[in-house]
Amino acid sequence: MIIKEIVFKIDYGGAELMFHTISDSNTKKLKENSYPGRGIILGLSPDAQHLIQVYWIMGRSDNSRNRIFVKENDFVKTKAFDESRVTDPSLIIYYPVKHLGNRHIVSNGDQTDTIYEFLKKDKSFESALNSREFEPDAPNYTPRISGLIDLDDHENAYKLSILKTVNNNHKYPVRQYFNYAKAIPGCGHCLHTYVENGDPLPSFSGEPYLVKLFDTAAENMDYYWNILNKENRIALLVKFINADTGEYQITIFNKHQG
């Protein structure tokens with residue numbers, strides 16, 4: 001498996017140094033954000049050996065906070081920590097991570113299943129999401145965010161997408177796609193559901209932004225868990241995908257089990 005076509009070498013000089021300066025600044029902003037909601041990061045380790053997926057969930061309500069990540073064979077599923085406290089499972093129980101061969105999916109909802117089924121039929125990531133919209137949780141209309149790493153796609157290192165509204169108006173759905181031809185060693189692109197805390201919650205705006213990544217799953221886990229707001233963070237996972245062999249590992253941390 002060849003990954004060199006979608007990776008450019010970094011020497012920490014010139015434009016590459018600027019990427020890391022920007023990612024440091026953006027990561028600080030994420031730390032200062034009390035409620036970015038659910039978030040996805042896709043990128044490449046500094047040594048260029050692993051493509052990385054980071055996914056976290058946060059919550060303000062008891063229903064949203066009553067969740068953990070659990071492994072289900074090769075996939076990951078959200079699960080209620082205390083089944084007796086569940087009030088509405090429709091938007092909180094789903095598979096955030098699935099894969100089909102060398103195609104690795106991550107999302108913040110049941111659109112993971114939609115993407116998976118479309119890929120099984122040799123249809124595209126984009127066509128799958130063109131069949132979906134934002135979440136029906138008025139007045140927030142939470143965006144659906146999704147990512148794909150396909151090791152067999154030599155035109156893109158990874159893809160990200162957000163399905164949202166125009167200014168929280170459910171009559172006007174928007175679907176945005178971001179395709180990254182080259183991965184930047186030591187950096188990832190971050191996309192989350194909300195700009196910040198609010199009522200209603202304001203949807204993420206603009207492009208996914210650069211953040212820092214590290215060479216091991218443990219480093220990334222510790223770094224992003226400590227960045228996320230202590231009151232609102234719920235669970236975090238890191239998926240490391242070997243760029244040469246396609247082998248992967250998934251690391252999970254749950255607040256309720258930590």
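**Note on the predicted model**

1. **A salt bridge to start with.** R38 and E135 form a salt bridge, with their closest N and O atoms 3.1 Å apart. R38 sits in the loop between α1 (15–32) and β1 (39–44), while E135 sits in the loop between α4 (125–129) and β7 (144–150), so the pair ties together parts that are 97 residues apart in sequence. Both partners are hidden: R38 is buried, and E135 is buried too. Keep in mind that this is a predicted model.

2. **The chain as a whole.** The chain contains five helices and 13 strands. Its radius of gyration is 17 Å, close to the 18 Å that the globule rule gives for 258 residues, so the chain is as compact as a globular protein of that length. Along the principal axes, the C-alpha atoms fill a box of roughly 50 × 40 × 35 Å. Of the 258 residues, 53% are buried.

3. **K98 and D113.** How many salt bridges does the structure hold? There are seven. One pairs K98 with D113, and here the closest N and O atoms are 2.8 Å apart. This pair links distant parts of the chain. K98 belongs to strand β5 (residues 97–100) and D113 to helix α3 (residues 111–120), with their positions 15 residues apart in sequence. The partners differ in cover. K98 has a relative accessible area of 9% and is buried. D113 reaches 27%, so D113 counts as partly exposed.

4. **A network.** Some salt bridges share partners. In this way D110, R132 and R144 are joined into one network.

5. **E83 and K79.** A further salt bridge joins E83 to K79. The closest N and O atoms are 3.5 Å apart. Is E83 buried or exposed? Its relative accessibility is 51%, and the cut-off for exposed is over 50%, so E83 counts as exposed. K79, at 35% relative accessibility, counts as partly exposed.

6. **A negative patch.** Turn to the surface. D47, D215, E219 and D222 form a negative patch there. One of these residues, D215, lies in the loop between β11 (209–212) and α5 (217–227). Its relative accessibility is 33%, so D215 counts as partly exposed.

7. **Two cis peptide bonds.** A138 and P139 are joined by a cis peptide bond, with omega about 5°. P139 is placed in the loop between α4 and β7. That loop also holds E135, the salt-bridge partner from the opening point. Another cis peptide bond joins D199 and P200, where omega is about 0°. P200 is found in the loop between β10 (187–192) and β11.

8. **Y141.** Look again at the loop between α4 and β7, where Y141 is also placed. Y141 is not a glycine, yet its phi is positive, about 45°. With a relative accessibility of 14%, Y141 counts as buried, because the cut-off for buried is under 20%.

9. **N167.** Which value does phi take at N167? It is near 50°, a positive value in a residue other than glycine. N167 is in the loop between β8 (158–166) and β9 (169–180). At 74% relative accessibility, N167 counts as exposed. Y141, by contrast, counts as buried.

10. **L237 in the interior.** L237 is part of strand β12 (residues 233–242). Its relative accessibility is 0%, so L237 counts as buried. Compare its position with that of I22. The two residues are 215 residues apart along the chain, and 24 Å separates their C-alpha atoms.

11. **Where to look.** For a tour of the model, begin with the loop between α4 and β7. It holds E135, P139 and Y141. Then go to the loop between β11 and α5 for D215, part of the negative surface patch. Finish at strand β12, where L237 is found.

Conventions: Residues are numbered from 1 along each chain as its sequence is written. This is a predicted model: local features need pLDDT of at least 70, side-chain atom pairs count only at pLDDT 80 or more; totals for chains, interfaces and linings use all residues. Side-chain values use heavy atoms; hydrogens and water are left out. Patches are made of residues with over 30% relative accessible area and no salt bridge: like charges are joined within 9 Å, nonpolar side chains (Val, Leu, Ile, Met, Phe, Trp, Tyr) within 5 Å. Accessible areas come from the Shrake-Rupley method with a 1.4 Å probe; for residues, only the protein chains shown count as cover. A salt bridge is a side-chain nitrogen of Lys or Arg within 4 Å of a carboxyl oxygen of Asp or Glu. Lys and Arg count as positive and Asp and Glu as negative; His and the chain ends are not counted. The place of a charge is taken as NZ of Lys, CZ of Arg, CG of Asp or CD of Glu. Helices (H or I, at least four residues) and strands (E, at least two) are DSSP runs, numbered from the N terminus. Buried means under 20% relative accessible area, exposed over 50%, partly exposed in between (1.4 Å probe, protein chains only). The radius of gyration is taken over C-alpha atoms; the globule rule is 2.2 Å times the number of residues to the power 0.38.
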